[in-house]
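Subject: Handover of a structure and notes on its contents

Dear colleague,

Please find the structure below, together with its sequence. I would be grateful if you kept it open while reading the notes that follow.

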Amino acid sequence: MTVSRDKTPSAQETFIQMAQAAGLRGRLLITLGLLILARLGVYIPVIGIDRDQFSRNIEGSPIIGFLDLFSGGGISQLGVFALGILPFINASIIIQLLTAALPTLEDLQKNEGEAGRRKLSQITRYVALGWCILQSVGIGLWLNNAPGVALNPGPIFILQTILALSAGSMLVMWFGEVITERGIGNGASLLIFVNIVSTLPRSIGQTIELASSGDSGIVGRTLLLVLVFLVMIVGIVFVQEGTRRIPIISARRQVGRKLYLEKSSYLPLRLNQGGVMPIIFASAVLILPVTVAELTGSSAVLSAVQYLSPGGALYVPFYLTMILFFSYFYASLIMNPVDVAQNLKKMGSSIPGIRPGKATSEYIERVLNRLTFLGAVFLGIVAIVPTVVEGLTRVPTFQGLGATSLLILVGVAIDTAKQIQTYVISQRYEGMVKQ
């Protein structure tokens, strides 16, 4: 089959070229191999633990459920890859926040080029190592003090638990970096993607079992669940891909007696600047009171937590407020209207009808605030739909999948498909040049 050279290849043409491209096949094999290894490591147990007693201790814990979302059941299985890519994700968030606050890190990112980015990546690895050691210490102490969980409690047990979990987390981080450099890219995102997908068969199996239980009306409620699920996927695709294109006109240039006007372009502003990060931050804030309540055992804290738990009176308002706050916060980290206006002025470009400089930055900020508000409203709807659907249908599968999971699944799938298609197109044009 011949492939047209003057337009973007279709999905069928892309798959044909994927099969023919030896370089892409190698990248796909590396990616699949490392993802399989990352999943197998979840089921290699940490030694010295009574599994049955451990399962009874964590049963119904919201903290374990939240962490299992990103580790693919690693925390509840307590394998050597239990922490997974979580410490690296947390370290990346910390470095990203510090880059906006510390001029030294900001200079490394903006002015030092590739060497600065490599140094920033190295700092992120060190922070990830410190973070996973901290988490491993907490898990080791918790397992050591939990009644009946540790077979031989003591300093040796704590130390070997810390070493096993930290080494496993660092190995998973290395898997992600290899996938990014030698695989198809998006290593950390793909690791989270696979962990989330690994929980789907169990959730689907529970739904099928519930639908075949003979309960009157359960089939209709399950169909409603599937319909809402599909509508949310379509909505997420549209919002993730939605952009506001602000037209930009370059300055006139004169050659001899002729006056030329450069071809106009546009500045794309995404509707959802922060992606899934605002909802992850908001979920982390919601889980914090539960953590404090379980650690302290205070009755006052426990009663307050009931209001912030799913189904509580303050759950939805507080969750929506946190999503709105973190959406604006993360959008401010990603794009600085003042910097954008200065860059446009340096390039001799401007927005039609808007004066360069301060007026341009104010205009971009107004547009960005409106887009961020719409994106935050969308994230809020996606976040509360699982709770609403579970209350209406009494089918808990959708809440098990979670809004964060759904956003990550769709977002990573879109980004990976684009990256593969870009790689195929680049290989096609390399072949054209060689011919």
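How much accessible surface does the protein have, and what percentage of that surface belongs to carbon and sulfur atoms? The accessible surface amounts to about 23700 Å², and carbon and sulfur atoms account for 64% of it. Please bear in mind that this is a predicted model.

Overall picture

The protein has 435 residues, of which 41% count as buried. Its secondary structure consists of 19 helices and five strands. If one takes the contacts between residues at least 6 apart in sequence, 73% of them join residues at least 24 apart.

The salt bridge

In general, side chains of opposite charge can pair when their charged atoms come close. In this protein, the count of salt bridges comes to one. The partners are Arg-125 and Glu-177, whose closest N and O atoms are 2.6 Å apart. This pair links distant parts of the chain: Arg-125 belongs to helix H8 (residues 113–145) and Glu-177 to helix H9 (residues 155–182), with the two positions 52 residues apart in the numbering.

The two partners may also be described by their accessibility. Arg-125 has a relative accessible area of 23% and is therefore classed as partly exposed, because that class begins where the buried class, under 20%, ends. Glu-177, at 18% relative accessibility, counts as buried.

The surroundings of Thr-99

Thr-99 is found in helix H6 (residues 86–101). Is this residue, Thr-99, buried or exposed? Thr-99 is buried, since its relative accessible area is 6%. A polar atom of the Thr-99 side chain lies 2.6 Å from the backbone oxygen of Ile-95. When neighbours within four places in sequence are left aside, the residues in contact with Thr-99 are Leu-105, Glu-106, Gln-109 and Leu-120.

A nonpolar patch on the surface

Which residues form the nonpolar patch on the surface? They are Leu-324, Phe-373, Leu-374, Val-377 and Ile-381, and together they have about 430 Å² of accessible area. Helix H17 (residues 358–393) supplies the largest share of the patch, namely four residues. Leu-374 is one of the residues that lie in helix H17.

To find these places in the model, you may wish to begin with Arg-125 and Glu-177 in the salt bridge, continue to Thr-99 in helix H6, and end with the nonpolar patch that includes Leu-374.

Yours sincerely,
A colleague

Technical notes
Residues numbered from 1 in each chain as written. Predicted model: local features only at pLDDT ≥ 70, side-chain atom pairs only at ≥ 80, totals over all residues. Heavy atoms only, no water. Salt bridge = Lys/Arg side-chain N within 4 Å of Asp/Glu carboxyl O. Buried < 20%, exposed > 50% of the residue type's maximum accessible area, 1.4 Å probe, protein only. Polar contact = N/O pair within 3.5 Å; in protein donor to acceptor, adjacent residues only side chain to side chain. Contact = heavy atoms within 4.5 Å. Areas by Shrake-Rupley, 256 points an atom, 1.4 Å probe, with all protein chains shown as cover. Patch = residues over 30% accessible without salt bridge, like charges linked within 9 Å, V, L, I, M, F, W, Y side chains within 5 Å.
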